[in-house]
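Me: I would like a close look at one part of the model shown here, a single side chain and the elements around it. Please work outward from there and keep the wording careful.

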Amino acid sequence: MIQFEHMKKSYGVGADAHEVLHDVDFTIHDGEVFGILGSSGAGKSTLVRTINLLERPTGGRILIDGVDISNATGKELKALRAKIGMIFQNFNLFQQRTVLRNITFPLELAGKPKAQRVARAERLLKLVGLEEYADRYPSQLSGGQQQRVAIARALANEPKIMLCDEATSALDSTTTVQILDLLRRINRELGVTLVVITHSLSVARNICDRVAMIDGGNIVEMGETAELFANP
Ligand code: ADP
Ligand code: ADP
């Protein structure tokens, strides 16, 4: 469970401070696919990046499973980030590492022994349907395949939460549907809670159980996807 309690975020300090999230107060439940919808600059990325403290709140609190993470540092911060996978629009793979070594990277950080890292990466490659591609480099793969590698890497430490920042925005419509299917399987079969940023209503309709619409740093609407998008 991810609870935002009157959470605020400003960039800059003093006279330059600029508040981009004003009073975010809602809860994402375990096992949900939760969509964050809004136009460019609305604050979607900033909101989602506070969950793993890539951005730190400047007011209010965030609780994960009842624990206030807002001030986590050092070991706590490392443990938090390990529990939360993240994927991006442009995949953010390591170009100098093979597919296998992209996926083992978080396990290296976690200090897992090599045999365990490789076994885990091979299982994940199978999960995302890329078992033949372990020794390729990212530049040798299509966009959809690169996003599958990024998904496998995000799952390496068995996170309970995965953050998806415009994960299908760089993909064509057929590939988008395939990646959304994979994300839904990860949600249903592994029980991973997904927080999905999108500017696309069709992505939200396809995969999200609930959505929050954000505009100018405020949540302006929230509800079940089926109800919000029902035609009157
Ligand atoms: P979205 O993801 O909805 O496009 P963002 O969260 O990226 O929105 O941005 C929200 C607002 O915060 C925008 O006005 C943006 O310019 C500003 N912003 C984002 N990141 C930074 C930063 N690192 N420093 C200063 N302002 C930022
Ligand atoms: P099994 O019983 O064969 O482990 P699961 O459906 O539980 O089947 O898991 C399938 C694969 O997904 C296994 O490799 C498992 O380690 C991995 N897995 C399970 N839970 C998670 C999770 N939360 N995040 C990432 N991978 C996971």
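Leaving aside its neighbours within four places in sequence, which residues is cysteine 164 in contact with?

Reply: This is a predicted model, in which local features need pLDDT of at least 70 and side-chain atom pairs count only at pLDDT 80 or more, while totals for chains, interfaces and linings use all residues. Residues are numbered from 1 along each chain as its sequence is written, chains are lettered from A and ligands numbered from 1 in the order in which they are written, and side-chain values use heavy atoms, with hydrogens and water left out.

Once neighbours within four places in sequence are set aside, cysteine 164 is in contact with Ile87, Leu183, Val195, Val196 and Ile197, contact being heavy atoms within 4.5 Å. Cysteine 164 itself belongs to strand E7, residues 161-165; helices (H or I, at least four residues) and strands (E, at least two) are DSSP runs numbered from the N terminus. With a relative accessible area of 1%, cysteine 164 is buried, a class that covers values under 20%, with exposed meaning over 50% and partly exposed the range in between, for a 1.4 Å probe and protein chains only.

Among the contacts of cysteine 164, Ile87 falls within strand E6, which spans 84-88, whereas Val195, Val196 and Ile197 fall within strand E8, residues 193-198. A further link to E8 comes from the backbone: the C-alpha atoms of cysteine 164 and leucine 194 lie 7.2 Å apart in space, although 30 residues separate the two in sequence.

Leucine 194 leads on to strand E3, for it is the residue of E8 that stands opposite valine 33. E3 and E8 pair in the parallel sense over five bridges, where pairing requires that DSSP find at least two bridges between two strands. E3 also pairs with strand E9, residues 210-215, again in the parallel sense and over four bridges, and in this pairing isoleucine 36 stands opposite alanine 212 of E9. Strand E3 comprises residues 33-37, and five of its five residues are buried. In a regular strand the side chains alternate between the two faces of the sheet. Both faces of E3 are covered, with Val33, Gly35 and Leu37 buried on one side and Phe34 and Ile36 buried on the other.

The parallel pairings of E3 can be set beside an antiparallel sheet elsewhere in the model. Four strands form this open sheet in the order E2-E1-E4-E5, with antiparallel pairing, and its edge strands are E2 (18-28) and E5 (67-68), each of which pairs on one side only. E1 pairs with E2 over seven bridges in the antiparallel sense, and isoleucine 28 in E2 is the bridge partner of isoleucine 2. E1, which covers residues 2-11, is also joined by five bridges to the antiparallel strand E4, residues 59-64, with glutamine 3 standing opposite leucine 63 in E4. In the hairpin of E1 and E2, which has six residues between the strands, glycine 12 takes a positive phi near 80°.

Positive phi values are also found in residues other than glycine. One of these is histidine 6, whose phi is near 45°; this residue has its place in E1 and is partly exposed, with a relative accessible area of 46%. Another is asparagine 92, whose phi is near 55°: it is found in the loop between E6, the strand that spans 84-88, and helix H3, and at a relative accessible area of 40% asparagine 92 is partly exposed.

Beyond that loop, helix H3 holds threonine 104, which counts as buried at 3% relative accessibility. Not counting residues up to four places away in sequence, threonine 104 touches Arg97, Arg117, Val118 and Ala121. Lysine 78, in helix H2 (residues 74-83), offers a contrast to both buried residues, since at 57% relative accessibility it counts as exposed. The C-alpha atoms of lysine 78 and asparagine 52 are separated by 9.6 Å, the two residues being 26 apart along the chain.
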